[in-house]
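Hi,

Here's the structure I said I'd pass along. Have a look at it first, and then read my notes below.

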Amino acid sequence: MVIVETFPVGLLQCNCTVLGDPASKEALVVDPGDEVEKVLAVLAKHGLTCRAILNTHTHIDHVGANDELKRATGARLMLHEADLPLYDNLRVQAEWLGGMAAPVRADVDEHIHQGDEVTAGALVAQVLHTPGHTPGSLCFHVEGADSLLLSGDTLFAGSVGRTDLWGGDYDQEIDSIRKRLLALEDDTRVIPGHGPETTIGHERRRNPFLV
Ligand SMILES: [Zn+2]
Ligand SMILES: [Zn+2]
């Protein structure tokens, strides 16, 4: 059983998720948006070593603690390069949010793409490119008995991500969800970038943007 811990961080309550392989004690951290001490406490609680930091996309609420977490763990930072224009403008994004302090932009170690696999011990996260909310939006799928999808701001319980910000494209987002996410099994557990979790089957049948 993969270790999965999700907890909201920061002003916009972005869901950060720690995925851990219980045998090797290696871990992936998805979207450390802020509050690095919370992330480090979860890693420590399970005795995990963070191997990679993954960003579902580079909106400011998802990337805020990249730099502090990299410094604390030495982990590699991975994201899709189509989101670099957003990532390179964290100060502009901070202004959209009413002038909050912009976080430090940690250097990106690796660009990841559709079909890539990121591993931590025996844990394998498959990379799904799902443009629409942003051009470089990614979802991460962990296969196995406990099939799990981290859907970022692309798919929420009962909703989909907003597409009115820079680089957003509604038709592309719906296409991404249909092509990449609804292709997964109904019992796949879905942890979105904000709010409560859901399943692929529930969203397939009930999400007003998809039925
Ligand atoms: Zn977003
Ligand atoms: Zn968000």
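**The E1-E2 hairpin and its sheet**

Strands E1 and E2 (residues 14-20) are antiparallel partners, joined by 7 bridges. Before going further, please keep in mind that this is a predicted model.

Two of the pairs across that hairpin are easy to pick out. Val 4 has Leu 19 in E2 as its bridge partner, and Phe 7 is matched with Cys 16 in E2. E1 itself covers residues 3-9, and its two faces differ in cover: Ile 3, Glu 5, Phe 7 and Val 9 make up the covered face, while Val 4, Thr 6 and Pro 8 make up the uncovered one. So Phe 7, which pairs with Cys 16, belongs to the covered face, and Val 4, which pairs with Leu 19, belongs to the uncovered face.

The turn is worth a look if you care about backbone torsions. There are 4 residues between the two strands of the hairpin, and Gly 10 takes a positive phi near 80 degrees. Gln 13 sits in that loop between E1 and E2 as well, and its phi is also positive, near 55 degrees, even though it is a residue other than glycine. As background, most residues other than glycine have a negative phi. Is Gln 13 buried or exposed? Neither quite: its relative accessibility is 41%, so it counts as partly exposed.

Glu 35 gives you another case of this kind. It isn't a glycine, yet its phi is positive at about 55 degrees. You'll find Glu 35 in the loop between strand E3 (26-30) and H1. With a relative accessible area of 22%, Glu 35 is partly exposed, because the buried class stops at under 20%.

Zooming out, the hairpin belongs to an open sheet of 6 strands, ordered E1-E2-E3-E4-E5-E6, and the pairing in it is mixed. E1 and strand E6 (110-111) are the edge strands with a single partner each, so one side of each has no neighbour in the sheet.

**The other sheet**

Another open sheet of 6 strands runs in the order E7-E8-E9-E10-E13-E14, again with mixed pairing. Which strands stand at its edges? Those are E7 (117-120) and E14, and because each has a single partner strand, one side of each is left without a neighbour in the sheet. E7 pairs with strand E8 (residues 123-129) in the antiparallel sense, over 4 bridges, and Val 118 stands opposite Ala 125 in E8.

**A helix pair**

Helix H1 (residues 36-45) packs against helix H3 (residues 66-73) at an angle of about 40 degrees, and their axes are 9 Å apart. That angle makes H1 oblique to H3. The crossing of the two is right-handed.

**The two zinc ions**

This is the part I'd guess you'll want to open up on screen. The zinc ion (ligand 1) takes its protein donors from His 57 (NE2), His 59 (ND1), His 133 (NE2) and Asp 153 (OD), at 2.1 to 2.4 Å. Along the chain, these donors follow the spacing H-x1-H-x73-H-x19-D. What is the arrangement around this ion? The 4 donor atoms subtend angles of 90 to 167 degrees, which makes it irregular. His 57, in the loop between strand E4 (49-54) and H2, and Asp 153, in the loop between strand E10 (148-152) and strand E11 (155-156), link parts of the chain 96 residues apart. Both His 57 and Asp 153 are buried.

For the zinc ion (ligand 2), the protein donors are Asp 61 (OD), His 62 (NE2), Asp 153 (OD) and His 194 (NE2), also lying 2.1 to 2.4 Å away. The spacing here is D-H-x90-D-x40-H. This site is irregular too, with angles of 87 to 159 degrees among its 4 donor atoms. His 62 lies in helix H2 (residues 60-63) and His 194 in the loop between strand E13 (189-192) and strand E14 (198-199), so this pair ties together parts 132 residues apart in sequence. His 62 and His 194 are both buried.

What connects the two sites is Asp 153, which coordinates both zinc ions, and the ions are 3.5 Å apart.

Cheers

Key: Residues are numbered from 1 along each chain as its sequence is written. Chains are lettered from A and ligands numbered from 1 in the order in which they are written. This is a predicted model: local features need pLDDT of at least 70, side-chain atom pairs count only at pLDDT 80 or more; totals for chains, interfaces and linings use all residues. Side-chain values use heavy atoms; hydrogens and water are left out. Donors are N, O and S atoms within 2.8 Å of the metal (3.2 Å for Na, K and Ca); water is not among the atoms, so sites may look incomplete. Four donors count as tetrahedral if all angles lie between 85 and 135 degrees; four count as square planar and six as octahedral if opposite donors are over 155 degrees apart and all others between 65 and 115; anything else is irregular. Buried means under 20% relative accessible area, exposed over 50%, partly exposed in between (1.4 Å probe, protein chains only). Two strands pair if DSSP finds at least two bridges between them. Axes are lines fitted to C-alpha atoms, for helices over the stretch in contact, and angles run from 0 to 180 degrees between N-to-C directions. Angles under 35 degrees count as roughly parallel, over 145 as roughly antiparallel, 65 to 115 as roughly perpendicular and the rest as oblique. A crossing is left-handed if the near helix is turned anticlockwise from the far one by less than a right angle, and right-handed if clockwise.
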